[in-house]
Amino acid sequence: MSWVMQRRIVAHEGAVRDLLAALRARLRALGETEETCGTVEIVIAEALNNIVEHAYGGTGGEIALDMARETGGLCCILRDRGHPLPGLRLPEGTAPPAVTPRESLPEGGFGWFLIRALTERLDYARADGENRLTLHFGPGTGP
């Protein structure tokens, strides 16, 4: 795999914002469409915010992002040494029922639904104290 971006940040909101800006700039430089840039940015933002809030619980730590082109799309790998995902598996990430009144919808909890809906494939592993989330985006990724 040929890496087109590799970054390490401290698990903090400001660092996440800076990384997302750098990610979008790199995707543009690679010639990706605005739709692809937006989709990848949404997914990576959701995953990074989960790491900051849940894996590290706001205490900091390091997050690594490695991105590569692969046949038919992009692959992004996020690594951290925070708490593992519950049950060592990816959350289901289901959407609320379509008939739920707007005022009854929760403010959050849709991150894994978005991540699952906007990626072609997801893989999670925990080894030697490290979480590894691999996100695959197909060609022409976009809503």
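**Exercise 1. In which strand is Thr 134 found? Place the residue and describe its surroundings.**

Before we start, a word on the model: it is predicted, so local features need pLDDT of at least 70, side-chain atom pairs count only at pLDDT 80 or more, and totals for chains, interfaces and linings use all residues. Residues are numbered from 1 along each chain as its sequence is written, and side-chain values use heavy atoms, with hydrogens and water left out.

Step 1. Thr 134 is found in strand E5. Helices (H or I, at least four residues) and strands (E, at least two) are DSSP runs, numbered from the N terminus.

Step 2. With a relative accessible area of 11%, Thr 134 is buried. Buried means under 20% relative accessible area, exposed over 50%, and partly exposed in between, with a 1.4 Å probe and protein chains only.

Step 3. Not counting residues up to four places away in sequence, Thr 134 touches Cys 75, Cys 76, Ile 77, Arg 121, Leu 122 and Asp 123. Contact here means heavy atoms within 4.5 Å.

**Exercise 2. Lay out the overall plan of the protein.**

Step 1. Count the elements: there are three helices and five strands.

Step 2. Read them off from the N terminus, and the order is β-α-α-β-β-α-β-β.

Step 3. Turn to burial: of the 143 residues, 43% are buried.

Step 4. Look at contacts with a separation of 6 or more: 64% of them come from residues 24 or more positions apart.

**Exercise 3. Which residues touch the most other members of the largest nonpolar core? Trace where the core comes from.**

Step 1. A nonpolar core is a set of buried Ala, Val, Leu, Ile, Met, Phe, Trp, Tyr and Cys residues joined through side-chain atoms within 4.5 Å.

Step 2. The largest core has 37 residues, and Leu 23, Ile 44, Ile 63, Leu 78, Leu 133 and Leu 135 touch the most other members.

Step 3. Two or more residues each come from strands E1 (2-10), E2 (62-70), E3 (73-80), E4 (121-127) and E5 (130-137), and from helices H1 (13-29), H2 (34-55) and H3 (111-118). H2 gives the most, with ten residues.

Step 4. Zoom in on Ile 44, which lies in helix H2 and is buried at a relative accessible area of 0%. Beyond its neighbours within four places in sequence, Ile 44 is in contact with Leu 20, Leu 23, Cys 76, Leu 78 and Leu 135.

Step 5. Now take Leu 133 in strand E5, which counts as buried at 10% relative accessibility. Leu 133 and Leu 78 are 55 residues apart in sequence, yet 5.2 Å apart in space, C-alpha to C-alpha. Leaving aside neighbours within four places, the contacts of Leu 133 include Ala 47, Leu 90 and Trp 112.

**Exercise 4. Compare how H2 packs with H1 and with H3.**

Step 1. Axes are lines fitted to C-alpha atoms, for helices over the stretch in contact, and angles run from 0 to 180 degrees between N-to-C directions. Angles under 35 degrees count as roughly parallel, over 145 as roughly antiparallel, 65 to 115 as roughly perpendicular, and the rest as oblique.

Step 2. H1 and H2 pack at about 155°, with axes 10 Å apart. That makes H1 roughly antiparallel to H2.

Step 3. On the H1 side, the contact includes Val 16, Leu 20 and Leu 23, and on the H2 side Cys 37, Ile 44 and Val 52 are among the residues.

Step 4. The axes of H2 and H3 come within 9 Å and cross at roughly 140°. H2 and H3 are therefore oblique to each other.

Step 5. Thr 39, Ile 42, Val 43, Glu 46, Ala 47 and Asn 50 in H2 meet Gly 111, Trp 112, Leu 114, Ile 115 and Leu 118 in H3.

**Exercise 5. Where are Leu 88 and Asp 128, and what is the sign of phi at Leu 88 and at Asp 128?**

Step 1. Leu 88 is in the loop between E3 and H3. Although not a glycine, Leu 88 has a positive phi of about 55°. This residue, Leu 88, is exposed, with a relative accessible area of 53%.

Step 2. Asp 128 sits in the loop between E4 and E5. Asp 128 is not a glycine either, and has a positive phi of about 50°. At 74% relative accessibility, Asp 128 counts as exposed.
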